[in-house]
Amino acid sequence: MNEAHKTDGAASRELISFLIGTQEFCVDIMSVREIRGWTPATPLPHSPGYVRGVINLRGAVLSIVDLAARLGFPPTEPSARAVIIVAQVGHQVVGLLVDAVTGILTVTSDTVQPTPDVASDMARSFVTGVLAVDGRMISLITLDHVLPAAERQAA
Amino acid sequence: MDALAEIKQTFFQECEEQLVELETGLLAIEAGDHDSEVVNAVFRAVHSVKGGAGAFNLTDLVHFAHTFENAMDLVRVGRLAPAPPLVRVMLRAADILADLVRAARADAPHDAARAAAVAAELTACCAEAAPKGAKATAVGSVAAAAPEPAADDAFEFVPLAVDLSDFGDLAPMPGLNRFRITFRPRPELYAKGNDTVILMRELALLGDALVTCDTGGLPGLADIDPEGAYFGWTVMLETERDEAAVREIFDFVEWDSTLEVEPVAAPAPAEPDEEEFVFEPIPLDELPDLGPPDLDPPAPAPGEAEPSQAVVVPLRAAEPAAVPAAADAATEHRPAAQASPTIRVDLDRVDRLIDLVGELVINQAMLAERVNEAGLARMSQVAVGLDELEQLTREIQDSVMAIRAQPVKSVFQRMPRLAREVAMQVGKSVRLVTEGENTEVDKTVIERLSDPLTHMIRNAIDHGLERPEVRLAAGKPEEGQVRLSALHRSGRIVIEISDDGAGINRERVRAIAVEKGLIPPDTKLTDEETDNLIFLPGFSTAATISDISGRGVGMDVVKRSIQALGGRISIASVPGKGSTFTMSLPLTLAVLDGMVVTVAGHTLVIPLTAIVEILLPKATEVHGFGGNARVIGVRNGFIPLVDVGEVMGFRGSLEDARAGVALLVEIEGGARSALLVDAIQGQRQVVIKSLESNYGHVPGIAAATILGDGRVALILDVDTVAAAGSRVGSPDLTLALAG
C-alpha cells in the first residue's frame with residue numbers, strides 16, 4: 001500500500017480508473033477522498049458549462065465538475081448510475097462527475113507511456129500519459145486545471 | 001526558534017488577559033473598592049506581565065512594569081493610599097503598559113517619552129510614600145530600596161537583622177501545616193525580572209513565615225558579579241494550606257532556582273533555640289550607611305543546621321492587618337480560578353465542529369421527513385426515538401454555538417481608555433458607564449464591533465456632550481456621562497450607546513444636509529427622519545473638523561459596518577437630554593436571517609437585513625427606462641427594478657413584472673433598488689457556508705447555505721446584483737457583474 005510514496009522508476013503507484021462515455025481514464029488514488037453517488041447539484045450563475053453546480057458534502061459546499069465536458073466530450077447526462085469522485089486539488093476539494101468507476105490499478109511508473117499526438121488539445125492539457133492494461137488504453141489525467149479558478153490563474 | 005515564537009505568542013495572549021484584569025481592577029479601585037483582593041489582582045497582573053516580559057528580554061516593558069509594580073506594591077502594603085489622583089496615574093500607566101505590550105508584540109517602536117513621563121509620575125508617587133514610620137515599613141522599604149537585588153543594589157545586601165515581632169506568635173497551632181522551604185535562586189531568576197521579596201511576601205500571605213536569609217555564599221567584594229545570585233532563603237512556614245499551594249507561589253521561578261519544600265513535624269512546644277534568632281532591630285533609615293558585611297556574625301542556631309549567617313525577617317508582623325484579609329482573598333480566589341479551567345482551541349476546529357453539527361441538524365430533519373413519509377405511526381418507537389434525537393441535536397447545536405460565544409467584555413473594556421483619551425483631547429470630563437459586559441455574542445461579531453463602537457464613543461464625547469461650561473449653564477453636572485450597554489433581546493444582541501448631552505440639533509442637521517445637497521431644501525421630514533440624516537454618506541456635523549471624529553468618515557461608515565454584520569442601527573434623540581444609538585446585531589455570523597425566494601426554478605436566499613419592504617408590482621407602477629432598464633414607482637419616487645433571474649443568467653428578462661414580487665433593498669451608499677423575483681418561499685435562518693473555500697468567487701453570490709432538504713442554496717450578494725442590474729442595458733451581463 002505504501003508503494004505509492006516511492007519515487008524511483010520501478011515504484012508502483014495506485015490509480016483509480018473510471019469511464020467517461022466509452023473511454024477510460026484514471027487519476028492517482030492519493031488525490032481521491034471518496035466516491036459517492038450522484039445527487040442533483042445547485043447550478044452556479046455565470047459559471048462555465050462544465051461546472052455542474054454545487055452540492056452539500058456533509059456540511060461543506062462542493063463544486064461538481066462534469067469531467068466529460070471539461071475534457072471536451074459531450075456533457076454527461078447524469079443518471080442514477082453516475083458517480084462523483086471527490087478529489088483533492090491543491091487546497092480545494094472538487095467533485096468529478098464521471099459515468100462509472102471501473103477499478104483500482106497498481107502500476108509502475110515505467111508502464112506509463114507518453115501521450116499520443118492524436119488527442120485533442122483539450123484532452124492533452126489534462127492527460128499526462130497513457131497506460132496499456134489488459135488490452136485497454138487508460139489515460140492518466142492530472143486534476144490541476146479542472147476548476148475555472150485554476151484556469152484563470154494559469155492564463 | 002519557532003517554539004519560542006509560539007511561547008511568546010502565548011505570552012502576549014496572556015498579557016492581553018492580564019491587562020484587562022489590570023484595568024478592571026484599577027477601575028474598581030477608582031470606584032472606591034479598596035478591597036485587598038482587588039489590589040492584589042492588579043498587582044498580580046502587573047507582576048505577571050513583568051515576569052513574562054523578562055523571559056523574553058523585553059527590557060523596556062520590564063522596566064516600566066517594574067516601576068508600576070513598585071507603586072502598586074506600596075498600595076498593597078497600605079503605605080500608599082489609592083487616592084483618585086494616584087489611580088488616574090495608574091490608569092495611564094496601565095495604558096502605557098498596554099502600548100508597550102502591543103509594541104513588543106508587533107516589534108514596533110513605542111512612545112518612550114510618554115512612558116518615561118508616566119514612570120516618573122509613578123516614582124514621584126512612591127517617593128511621597130517613602131518617608132513614613134519605620135517599623136511598619138520594613139517590608140515595603142526592602143522592596144523599594146532593593147528592587148533589583150542582583151543588579152545595582154547588590155552591594156547593599158549585608159547581613160542584617162530586622163526583628164519586628166514577638167516570636168511567641170509563632171508557636172505552632174494545631175491543624176496547621178509546617179513546611180521548611182529552602183529556596184536558592186540562580187542569576188537567571190533575577191535576569192527575568194523576578195524578585196525574591198515578592199515571593200517571600202506571597203509566602204507570608206499563606207500563613208506565618210519565618211524567613212532566614214543565608215548570606216554565606218556572598219563572595220568578597222572584589223569577586224562579586226553584580227548580576228550574580230548569592231543568597232539563599234529558608235522559610236519556616238506555618239499555614240493552613242497544603243504543599244501544592246506553597247509550590248504554586250514558585251511556579252514561575254522554579255526552574256531558575258533550587259527549591260525544596262518539606263513538611264516539618266510540629267515542634268515541641270518549648271523550643272528554646274528560637275530565641276537564638278532574635279537580633280537587634282536596626283532602624284531602617286540607617287540601612288544605606290551600613291558598611292561591608294563585618295557585623296558580628298550571630299551565633300549559629302544550634303537547632304538549625306543550615307545557615308551560618310542569617311537574616312531573620314518574620315514577615316507576619318510587617319502586615320498585621322493585611323495578612324488575614326489577603327490570605328482569605330487568596331483562598332477565595334485560587335480555588336475559583338481552578339474551578340473553571342480553560343483551554344485554548346484553534347478556531348478552525350470549532351468552526352469545523354459547528355459545520356458538522358449544522359449538518360447533523362439538517363440530517364436529523366431529513367430523517368424525520370423520511371420517517372413521516374414512510375407512514376410510521378406518531379407514537380411508534382421510531383417516532384419517540386426521533387423526538388429524543390431532535391432534542392439532543394438542538395442541545396448539541398446550542399452548546400457548540402456557545403463555544404464561539406464570548407462576553408462583549410473584551411471589546412467594552414477597551415472603551416474606558418478611549419473615553420479617557422478623547423475626553424482629555426477635547427477638554428471634557430466624561431464618565432463612561434458600561435452595563436451588561438457579560439452578554440455573550442459570537443467572537444467574530446465581537447471583533448468586528450470594535451471599530452464601530454470606537455467611532456460612536458468618540459462621536460458621543462466629541463459631538464454629543466456639550467463643553468463643561470455649557471453643561472454647567474444648562475444645569476447639568478460638569479462631568480458628562482456616556483452609557484454603553486449590551487443585552488440580549490429576542491435572539492439578538494442589542495447594544496446601546498447613550499450620552500446625556502445636548503441631543504441632535506435638528507435644525508443644524510437639516511441645514512447641513514441641504515447645504516451638502518443630500519436632501520432638497522423643501523423636503524418635509526419628521527424628527528426621526530431628520531435624526532437619521534446623520535447616517536447619510538458625506539454627512540459630517542462637526543463645524544470644525546477635529547482629529548477625533550472628523551476624518552471624513554462618518555456615521556454612514558458605522559452604519560455600513562453594522563449592516564455588514566447583519567445588524568441595524570437607529571437613533572433616538574431628545575433635545576437637551578441626549579442621544580441614544582441602538583444597534584441590534586445577530587448573535588452569530590455563522591447564521592443569517594434570510595428571505596428564501598424562487599427565481600426561475602432556483603432557490604435563492606436574500607439577507608433579511610438588506611430588505612426594506614416587499615412590493616407586489618402593479619402594471620401602472622413599472623416603467624421602461626431607456627434600453628431594457630425598468631424602474632418601479634414607489635411613493636412618488638422611481639427606483640431601479642432589477643430582475644434577479646436575468647442578472648443571474650437563469651433566464652431572459654421577466655416580461656411581465658406583475659408575475660413576480662419586488663423586494664425593496666437598501667444597498668451601499670444608502671441607495672435603494674427593487675429586486676424582482678418570481679416568488680417568496682418564506683423567511684428562514686440559514687447557516688452560512690463559504691463558496692470560496694472549494695470553488696471560487698461567483699459574481700452576484702455572497703455565500704451558500706444548505707437547506708432543510710439537504711440541497712445547497714445560494715445567498716445573493718445584494719449590492720453586486722443591484723449594481724449589475726442598473727447596468728442592465730450593457731450587452732454582456734456576465735462582464736458587468738464580473739467587472
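Two strands count as a pair if DSSP finds at least two bridges between them. With that in hand, here are the close-ups; keep in mind that the model is predicted.

**View 1. A five-stranded open sheet in chain A, built on β8, β1, β2, β10 and β9.** Reading across, the order is β8-β1-β2-β10-β9, and the pairing is mixed. At the margins sit β8 (100–108) and β9 (127–133) of chain A, each of which pairs on one side only. Going from one strand to the next, the twist averages 35°. Zoom in on β2 (residues 23–28) and β10 (residues 136–141) of chain A and you'll find a parallel pair held by three bridges. As a landmark, look for Cys26(A), which stands opposite Leu140(A) in β10(A).

**View 2. Another open sheet of five strands in chain A, in the order β3-β6-β7-β5-β4.** The pairing here is mixed too. The edge strands are β3 (32–37) and β4 of chain A, with a partner on one side only. The twist averages 30° from one strand to the next. At the β3 end, β3(A) and β6(A) (residues 83–89) run antiparallel and are joined by five bridges. Gly37(A) faces Val83(A) of β6(A), standing opposite it.

**View 3. Where chain A meets chain B, about 2000 Å² is buried between them.** Carbon and sulfur atoms account for 58% of that area. Three residues do a good share of the work on one side: Pro45(A), His46(A) and Val61(A) supply 33% of the area that chain A buries against chain B, more than any other three residues. In head count, the contact draws 24 residues from chain A and 26 residues from chain B.

**View 4. Polar contacts, but zero salt bridges, between chain A and chain B.** Seven residue pairs are in polar contact across the interface, with both residues at pLDDT 80 or more. Go looking for salt bridges between the two chains and the count is zero.

**View 5. The side of chain A that touches chain B, element by element.** Four elements of chain A each supply at least two residues to this side: β4 (51–57), β5 (60–66), β7 (92–98) and α3 (148–154). The biggest giver is β4(A), with four residues. Sorted by residue type, this side of chain A comes out as 15 nonpolar, eight polar and one charged. And yes, β4(A) is also an edge strand of the sheet in View 2.

**View 6. A salt bridge inside chain B, between Arg102(B) and Glu16(B).** Side chains of opposite charge can pair when their charged atoms come close. In this pair the N to O distance is 3.6 Å. The partners come from distant parts of the chain, 86 residues apart: Arg102(B) belongs to helix α4 (residues 84–106) and Glu16(B) to helix α1 (residues 2–30), both of chain B. For context, a search of the whole structure turns up 32 salt bridges over all chains.

**View 7. Arg651(B) and its neighbours, in a loop of chain B.** The loop lies between α20 (644–647) and β19 (661–666) of chain B. Leaving aside residues up to four places away in sequence, Arg651(B) touches Val599(B), Ala600(B), Asp643(B), Gly645(B), Glu646(B) and Asp678(B). Take Val599(B): although 52 residues separate it from Arg651(B) along the chain, the C-alpha atoms of the two are 9.0 Å apart.

Conventions. Residues are numbered from 1 along each chain as its sequence is written. Chains are lettered from A and ligands numbered from 1 in the order in which they are written. This is a predicted model: local features need pLDDT of at least 70, side-chain atom pairs count only at pLDDT 80 or more; totals for chains, interfaces and linings use all residues. Side-chain values use heavy atoms; hydrogens and water are left out. Contact means heavy atoms within 4.5 Å. Buried area is the accessible area (1.4 Å probe) that two parts lose on being put together, summed over both. A salt bridge is a side-chain nitrogen of Lys or Arg within 4 Å of a carboxyl oxygen of Asp or Glu. A polar contact is a pair of N or O atoms within 3.5 Å; within protein, one must be able to donate a hydrogen and the other to accept it, and residues adjacent in sequence count only if both atoms are side-chain atoms. Ala, Val, Leu, Ile, Met, Phe, Trp, Tyr, Cys and Pro count as nonpolar, Asp, Glu, Lys and Arg as charged, and the others, Gly among them, as polar. Axes are lines fitted to C-alpha atoms, for helices over the stretch in contact, and angles run from 0 to 180 degrees between N-to-C directions.
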